[in-house]
Amino acid sequence: MSKLGDKLNFNSMKGEAAQSRQISQIIPPRSGVTFLQDQTIEFELPSNRGNEFLDVANSCKIKLPVTVLNTNAILDRGGAYSFIRSLQLTQNGVVISDVPRANLLITTLSDFQMSAEYKASQGRVLEGMEGDCLRGGFHNVGTRTYYVSLLTTNLCMSTPHRDLFLGSSAPIIVRLTLESRLTALKSADGTHDYRVNRPELH
């Protein structure tokens, strides 16, 4: 075959593409079951998984079943992110990402980049943002389940988004510290309290 013919013979030039498939896993916290204000929730991502990556920006969600006690309350403008004071990702003692005021960052971004219509959409309802420019969603006494993402990490803020490699022998630890009840929630008499029971990393 001529040189031109060889270039057009794609079967001889291009090898078979590597297999790609999506894997879902539910990870429970390693630091307990029930968490109160100012406590830290820790998740341990799986390790020793060659050729596997974690899409932090699009596929990583934290399930937060929050129980409000004593009286009805209202979330701050950041919605369910108001419960997260700080968010940190570490691996083998090395800090991959550290956001000391994650709730404040999300609140600021929502004020400047989210319209009222967007806050009222279904995805934002799951994040507790179905409010206006002054508040988040209502949370009456009882349990409501929220889903929040790791939007505040630098892995999501970069362009293009960066995936985390899971093939290392050292696991990646996700730590989120809960905010105080007076900052995360508002109520008429200030007697409200909250707890998070059985959170999960999806």
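Me: In this predicted model, is Y194 buried or exposed?
Reply: The relative accessible area of Y194 is 0%. Buried means under 20%. Y194 therefore counts as buried.

Me: Which aromatic residue pairs with Y194 in a tilted way, 4.9 Å centre to centre?
Reply: A pair of aromatic rings is described by the distance of the centres and the angle of the planes. Here the planes stand at 55°. Planes under 30 degrees apart would count as stacked, and those over 60 as edge-to-face, so this pair falls in the tilted class. The partner of Y194 is F83.

Me: How many residues apart in sequence are F83 and Y194?
Reply: F83 sits in the loop between strand 5 and strand 6. Y194 belongs to strand 13, residues 193–197. The pair links distant parts of the chain, and the separation is 111 residues.

Me: Which residue joins F83 and Y194 in one aromatic cluster?
Reply: F83 is buried, with a relative accessible area of 0%. Y194 has that value too: 0%. The cluster holds F83, Y194 and one further residue, Y146.

Me: How many residues make up the largest nonpolar core?
Reply: In soluble globular proteins, nonpolar side chains tend to be buried together. In this core, F83 is one of the residues with the most contacts, and L201 is another. L201 touches I26, I27 and F43, among others farther than four places away in sequence. The core counts 41 residues.

Me: Is the pair of F53 and F165 stacked or tilted?
Reply: The ring centres lie 5.3 Å apart. The planes make 45°. Stacked needs under 30 degrees and edge-to-face over 60, so the rest is called tilted. The pair of F53 and F165 is tilted.

Me: Is F53 buried or exposed?
Reply: F53 lies in strand 3, and its partner F165 lies in strand 10. F165 has 41% relative accessibility and counts as partly exposed. F53 has 52%, and the cut-off for exposed is over 50%. So F53 is exposed.

Me: Which strands stand at the edges of the open sheet with the order 2-11-6-7?
Reply: Four strands form this sheet, and the pairing is antiparallel. An edge strand here pairs on one side only. The edge strands are strand 2 and strand 7.

Me: What angle does helix 4 make with strand 6?
Reply: Helix 4 packs on the sheet. It touches strand 6 and strand 7. Its direction makes an angle with that of strand 6 of about 115°.

Me: Which residue takes a positive phi in the hairpin of strand 6 and strand 7?
Reply: Strand 6 covers residues 84–91 and strand 7 covers residues 94–99. They pair in the antiparallel sense over five bridges. Two residues lie between the strands. The residue with a phi near 55° is N92.

Me: Is N103 buried or exposed?
Reply: N103 has its place in helix 4, residues 102–113. It touches Y81, S82, I84, R85 and E179, not counting residues up to four places away in sequence. Its relative accessibility is 6%, and buried means under 20%. N103 is buried.

Me: Why is one side of strand 8 left without a neighbour in its sheet?
Reply: Three strands form an open sheet in the order 8-5-12. Strand 8 pairs with strand 5 over two bridges. One bridge partner of that pairing is F138, opposite I74. Strand 8 stands at the edge, so it has a single partner strand.

Technical notes: Residues numbered from 1 in each chain as written. Predicted model: local features only at pLDDT ≥ 70, side-chain atom pairs only at ≥ 80, totals over all residues. Heavy atoms only, no water. Core = buried A, V, L, I, M, F, W, Y, C linked by side-chain atoms within 4.5 Å. Buried < 20%, exposed > 50% of the residue type's maximum accessible area, 1.4 Å probe, protein only. Contact = heavy atoms within 4.5 Å. Pairing = 2+ DSSP bridges. Axes fitted to C-alpha atoms, helices over the stretch in contact; angles between N-to-C directions. Phe/Tyr/Trp six-rings, centres within 6.5 Å; stacked < 30°, edge-to-face > 60°.
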